[in-house]
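Grab a coffee and open the viewer. Here are a few exercises to work through, each with a solution you can follow step by step.

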Amino acid sequence: MRLIPVTNSTNMQQLEVEEDDWSLLTPAEAKRLVTLLLTARHFEESILQLDKLNLVHGPAHSSLGQEGGAAGCIAALPTTTLINGTHRAHHQCLAKAINALYDADFDPVETGSLTEAMKTEVRGMMHEIFGLKNGWTGGRGGSMHLRRADLGIMGTNAIVAGGLPIACGHAFAEKATKGSDVMVSFFGDGAIHQGATHEAMNLAALYRLPLLFFVENNRYAVSMSVEQSTFQTQLMTRAQAHGITAIAVDGMNPFAVWLATRWCHDYIKQEDRPAFIHADVYRYYHQSSSVPGSAFGYRTRAEEDEWRERDPWLFLKKQLTERGILTEENLERIDQAARHAVSAAYDSCIEGKGSASRIRPELWPEAATVDDHLTSDMSEFDGVTFSEVEDFAPEEMESLTYIEAMSRVVRARMEEDESIYVFGEDVANMGGGTVGATRSLLPEFADRIINTPITENGFCGLATGAALSGLRPIVELMYSDFFLVAGDQLLNQAGKIRHLFNGTATVPLVLRTRIPGHEGYGSQHSMDPAAVFAMFPGWHIVAPSNAFDYVGLMNSALRCTDPVLVIEPQELHRKKTLVPAGCNYYIPLDKARRVLEGTDITLLATSTMVDICVEVVTRLGVSADVIDLRTLAQRDIDYETIGESVRKTERIAVVEQTSRGATIGVFIADELQRRFFDYLDQPIMRITGKWAPPVVSKALEKAALAGAAEVEAGIRQMMANSGLTMPRPGEQS
């Protein structure tokens with residue numbers, strides 16, 4: 001046996017500063033670098049002081065010691081560069097805000113002050129960290145979730161590595177719209193082990209995105225050292241594995257980071273590929289505390305002292321003055337400018353001194369605003385006419401299967417809107433994807449039908465970021481259960497972003513997902529996702545039961561500026577329905593439809609169960625209102641239509657095919673009894689499958705899912721509970 005070494009052509013490089021390099025740092029660029037570093041440092045010192053006074057509600061992750069990395073990176077980049085980051089991002093966001101406002105005419109030495117616009121942003125960020133109404137996003141985000149899109153700060157993230165797939169989306173949108181900006185995503189050494197990091201790096205390399213991955217290796221994830229976290233402690237190997245060129249740099253040397261970033265920016269622009277910077281930095285304090293890590297015993301005081309001797313500000317100050325780039329007086333002027341800006345921000349939100357200090361009470365947001373911006377105000381539908389099937393003449397209609405409607409309506413909208421992109425596994429293969437939903441789209445829209453690897457968390461995060469940057473992504477999940485793999489990006493990110501950032505961000509994302517039903521795919525491919533998504537009020541959920549509804553609801557989903565889940569039962573794929581030619585009509589995202597009218601009972605049905613309810617009711621001769629719910633988000637349920645029916649029938653059941661523990665009916669039943677208790681003649685019934693999820697065995701699958709037999713049994717029980725006689729065959733009740 002012979003083992004031959006396999007080489008990797010992707011570079012891993014260590015940057016060493018040479019003497020001649022300092023000539024690249026002009027006095028003007030040095031002033032910029034110092035301004036960014038010192039403003040961040042004094043800001044962090046102020047936050048730590050306020051934390052000691054117990055005025056910071058929640059965690060405030062100090063970056064003291066790490067400012068050199070962020071300042072060096074951002075000072076080297078164009079002012080229009082985009083960034084996002086993780087929970088430890090004060091220094092990154094403040095440096096980015098100052099840099100975005102730093103024009104060629106500004107000289108902090110001459111003015112002795114930051115500009116008024118800069119001071120406004122320092123104040124706004126401090127207010128945000130305290131949760132105040134004048135903060136960047138009204139206090140919703142606090143320390144960990146910072147967003148100021150006008151300045152290129154696209155949103156930081158409390159989930160470790162959660163922002164990396166989203167960064168891919170921002171970079172994808174920048175490339176798709178032929179923009180010129182680079183996206184920078186900051187993260188820590190703890191994030192390097194997350195699956196989301198690897199999915200993001202793979203996508204960035206695969207799609208050749210203008211994205212700079214910047215890892216601040218401060219050696220500890222809370223208290224876990226790098227050595228405790230991974231066998232391979234050379235973190236650059238992760239980038240190398242994905243074919244991304246990586247540079248290691250001393251992050252305590254802001255100038256070295258500045259050089260590395262300039263090199264990476266040029267590389268990204270010239271090579272049309274992402275890059276990776278590994279910066280060795282050190283946080284002086286514990287994870288989110290005003291005491292050092294040594295107080296908790298996971299590192300020594302000697303180690304902390306050694307790193308403090310490498311303080312980035314002391315290093316930069318020494319180098320700049322000794323080399324004659326700036327004078328001590330120059331640096332003192334910049335230092336005072338930064339101190340005054342931070343001090344003014346402090347005074348704007350704090351009253352009192354010492355232990356008597358408190359947040360100014362008039363600055364808190366009003367409690368009545370707590371539910372604001374959960375979803376859109378639907379102003380995007382102003383001027384839209386909503387339609388139902390009876391609004392169209394027979395000659396306007398054509399017969400389409402459910403699956404034909406999928407590609408037909410998306411084609412119609414893609415012809416009108418260049419921002420619509422389709423992402424998913426195999427969507428650009430096999431002539432129309434795994435179910436044919438992209439059939440006929442490929443010849444005309446090949447560059448907007450994007451095959452993705454099997455990385456649901458990654459490509460759902462990419463779609464979220466792309467939506468935040470102005471695209472309208474349609475994501476196809478091959479099977480519904482796969483949303484659990486992407487749970488963070490879909491539920492924790494996309495669904496919360498509008499509210500978390502106080503309406504300053506929208507996520508116009510459409511997520512299509514298939515439910516096989518009686519197709520033998522087993523319990524890991526057959527989940528109805530409606531109930532889980534319904535727990536997150538940022539999502540709309542639509543469950544079209546026929547091609548007509550699919551087209552109208554998809555049109556609305558693609559117009560909406562919120563994320564919308566579209567549930568597609570595989571059992572309906574071949575069902576034909578009359579659909580208006582052109583597919584140019586809308587159905588509201590909060591309107592049910594009565595498909596059968598009666599007086600004795602009300603059946604609220606979803607997707608596949610609509611036709612089954614109609615068939616059973618007709619066969620039994622029961623007088624029933626059958627209502628197709630169509631939209632299933634808790635705040636979208638059409639209780640007006642339901643209420644009209646309940647007041648008439650006084651008996652109601654929620655009918656779903658799926659297993660009992662996974663139904664949306666539990667939410668609906670709870671709300672129904674609160675709204676209509678006085679009209680109910682009997683308890684609300686839930687007709688569902690069994691507790692077990694469906695398995696592959698045809699017999700057990702049929703037993704697990706609700707069908708005609710369960711609907712009939714439920715109807716008979718409802719009639720009996722109210723003393724109503726079931727009609728004889730051929731009779732009507």
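The exercises below deal with a predicted model and go from its cores to a sheet and then a helix.

**Exercise 1.** Find which residues have the most contacts inside the largest nonpolar core, and which helix gives the most to this core.

*Solution.* Start with the core itself: it has 89 residues, and those with the most contacts inside it are Val34, Phe43, Met126, Phe130 and Leu320. Next, look for the top contributor, which is helix 1 (residues 27–52) with 10 residues. Now zoom in on Val34: leaving out residues up to four places away in sequence, Val34 touches Trp313, Leu316, Leu320, Leu326, Leu331 and Ile334. Finally, don't miss the second, separate core of 87 residues, which includes Ala196, Cys460, Ile541 and Ala592.

**Exercise 2.** Work out the strand order of the open sheet of 6 strands, and name its edge strands.

*Solution.* Reading across, the order is 14-13-15-16-18-17, with parallel pairing. The edges are strand 14 (449–451) and strand 17 (540–542), each of which pairs on one side only. On average, neighbouring strands of this sheet are turned by 20° against each other, direction ignored. For a close-up, take strand 13 (residues 420–424), which 3 bridges join to strand 14. Gly424 stands opposite Asn451 in strand 14.

**Exercise 3.** Is helix 17 (residues 487–494) mostly covered or mostly uncovered?

*Solution.* Count residues under 20% relative accessible area: 6 of the 8 in helix 17 are buried, so by that cut-off the helix is mostly covered. They are Gly487, Gln489, Leu490, Leu491, Gln493 and Ala494. The cover includes helix 6 (163–176), helix 16 (456–468), helix 18 (497–500), strand 16 (510–515) and helix 19 (530–534).

Notes
Residues are numbered from 1 along each chain as its sequence is written. This is a predicted model: local features need pLDDT of at least 70, side-chain atom pairs count only at pLDDT 80 or more; totals for chains, interfaces and linings use all residues. Side-chain values use heavy atoms; hydrogens and water are left out. A nonpolar core is a set of buried Ala, Val, Leu, Ile, Met, Phe, Trp, Tyr and Cys residues joined through side-chain atoms within 4.5 Å. Buried means under 20% relative accessible area, exposed over 50%, partly exposed in between (1.4 Å probe, protein chains only). Helices (H or I, at least four residues) and strands (E, at least two) are DSSP runs, numbered from the N terminus. Contact means heavy atoms within 4.5 Å. Two strands pair if DSSP finds at least two bridges between them. Axes are lines fitted to C-alpha atoms, for helices over the stretch in contact, and angles run from 0 to 180 degrees between N-to-C directions.
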